[in-house]
Amino acid sequence: MIRVLDQKTIDKIAAGEVIERPMSVVKELVENSVDAGATSITVEIKDGGTSMIRVTDNGCGIPKEEVKTAYLSHATSKLTEIEDLNSMMTLGFRGEALSTIAAVTETEMITKVRDADTGVRYVIHGGREISLDEVGAPDGTTIVARNLFYNTPARLKYLKSNMTEGAYISDLMSHIALAEPDIRFRLIANGKSVLETSGNGSLEETVYQIYGRDIAKSLLPVDGATGNIRVTGFVGKPFLAKGNRSFENYYVNKRYIKSPVITRAIEEAYKTYVMQHRFPFTVLFFSLPMEDCDINVHPAKREFRFSDEKTLFSACYHAVADALANREMIPDMDKDYGQKSKLYTPPKQEDFLPKAPSMARSADSFVEEKPEFNRSMPSSGAGRPAGSSAGFSAAGPSAGKNSFSMLEAMLPDSYREKLREQQEKDAAEKNTDLQHTQAEFRQETLLDDAYLSRNALPHHRIIGQVFRTYWITEYDGCLYLMDQHAAHEKVNYETFLAEFRKRAVVSQQIFPPRVFHLSAKEKAAVMEYREIFEKTGFELEDFGGNDISLRSVPVNLIGLDGFEIFQEFIAYLAEGITGLTEDIFVHKLATMGCKAAIKGNQTISFEEAQILIEKLLTLDNPYTCPHGRPTIIRMTKEELDKKFKRIVE
């Protein structure tokens, strides 16, 4: 028997699609505040948002006569007909947020428009209206949602711990704050400040306030366009990469989304800068024509479709690749290059744990607090030059001003007094960290007198080889170590790329032609990219069935077996690669050609090492091998002096 569901059941089913966890409630309410033109938004949560979520903004508010209507299912001010979706720039538009939140919480809203004398207080529990009264209120809207899923207890068992749910909300607020640097955001968890941004319009400063100084000063600007797609924002230097994609932030028309096309384009651009299974830091904004986008493909609007994914991939890839080109990327020896990132310290677990009522603070009391930016900043010593070592004591890396207490006890009183003065000076310098960061960020990092420049080459002093793998060089007060295998890999890689760009790739005929029997999937992939294969020196033709006839191979593969490379490429394409461009194809081919590089544990002469350094000078990016490992690392004389305690911090 078919029957129509009652409205209460319909509302709870709809809420299950939109409201997955406390973060979903915060997302819908904060996005509504952004759409309302707010310049200041405060979010307060308790118990990870399960017991209470309060969102306060100074936006346009809702007129008294429209308050009840706003809580009806699919009631919206954003669109009137389906064609409006083609020009929709607001974050919300379906009119589901308030009705679905009210269906599974005890909700209270206080709202006032700017030209009204009084505001309105509306209370609705589980979709049932409780009261509607006039109250005194400031301009804007405050919505309080209590006891999430109180009337659908089966949903509660799927929630994580309060700490984890609070962390989800913190991540969400970080994403929204990056998209809206001209809005002041505050997040309070159990009465404690977790996040605050200034809202002064500076994306660079917002990154600083969320991720800390080390990340903010290691950003590279992005500004590129392909067709009608514009890409702007920042990407991080390779050493910021971490072992998951949580640092990859990107937005389409200011909406935070996830896209396999954009993700792959970013990671392909970083392919030769970071090691495998390492993922970069990005804050990228894509401006796309709305008529070519479909943002109505996911209940929570986390996904979108774009009509021309190939152009989107190309725009992202080239914008990121251009930002990384011609930048000095030599990491310091103490950098945690290619290992787990220590740069971003997320909110502490106790930030999301409930506290005694006497310790709780309201949103009003938070207004007078000063930003506690240091909570998310890395614990490096104050006043330390960028990239320098943290120093070591007998017990390991120093983590505070007492690290040398045992050493200080052995020093004269006058020297200990100097140490104290220096510590006080360092503390004072903390207050100017942000200004220093911004100044450093704006400095150009193009190579003029850097280690790998023609101006520097006559002043290199090659000291020798260690472990038959690393070459030691001294230059301009720094000690450099070059990995001969990684350096030679990069020379071979870029040599092939340069020859291809000049169309200097030469093919060698094979007689008789070599026939390869492939799977149906492999043959389809090869034939799809047949034109690119032939541009790179592989001449092939369909031999019937699932067979391919290979008639010629490039001779530019530096002595490698062209058949082996061809087979490797077939296996690569068979993984289901989509949207492969000629640039990506050639980069992949050049990477395979790295096998001919000299190896570690292989002795080469001083003259060969000198030639290798000279060849590195000609490359666009000499600082990492094609697999993302550094070719060269450095240590300053100052850092060596610190290691030997000639300099005491």
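This passage describes the overall make-up, the nonpolar cores and one buried helix of a predicted model.

The protein has 649 residues, and 50% of them are buried. Its secondary structure comprises 21 helices and 24 strands. The exposed surface of the protein amounts to about 30,900 Å². Carbon and sulfur atoms supply 51% of that area. Contacts often span long stretches of sequence. Among those between residues at least 6 apart in sequence, 72% join residues at least 24 apart.

The largest nonpolar core contains 58 residues. Six residues have the most contacts inside this core: Val30, Ile41, Val43, Phe185, Val207 and Phe281. Helix 6, spanning residues 162-179, provides the largest share of the core, with seven residues. Another core, of 32 residues, lies apart from this one. Its members include Leu288, Phe304, Phe313 and Ala315.

Val207 illustrates the packing within the largest core, where this residue is among those with the most contacts. Residues up to four places away in sequence aside, Val207 touches Leu178, Gly212, Ile215, Ala216, Leu219, Phe281 and Val283. Phe281, one of these partners, is also listed among the residues with the most contacts inside the largest core.

Helix 4 covers residues 97-104 and is mostly covered. Eight of its eight residues are buried. The buried residues of helix 4 are Ala97, Leu98, Ser99, Thr100, Ile101, Ala102, Ala103 and Val104.

Technical notes: Residues numbered from 1 in each chain as written. Predicted model: local features only at pLDDT ≥ 70, side-chain atom pairs only at ≥ 80, totals over all residues. Heavy atoms only, no water. Core = buried A, V, L, I, M, F, W, Y, C linked by side-chain atoms within 4.5 Å. Buried < 20%, exposed > 50% of the residue type's maximum accessible area, 1.4 Å probe, protein only. Helix = DSSP H or I, 4+ residues; strand = E, 2+ residues; numbered from the N terminus. Contact = heavy atoms within 4.5 Å. Areas by Shrake-Rupley, 256 points an atom, 1.4 Å probe, with all protein chains shown as cover.
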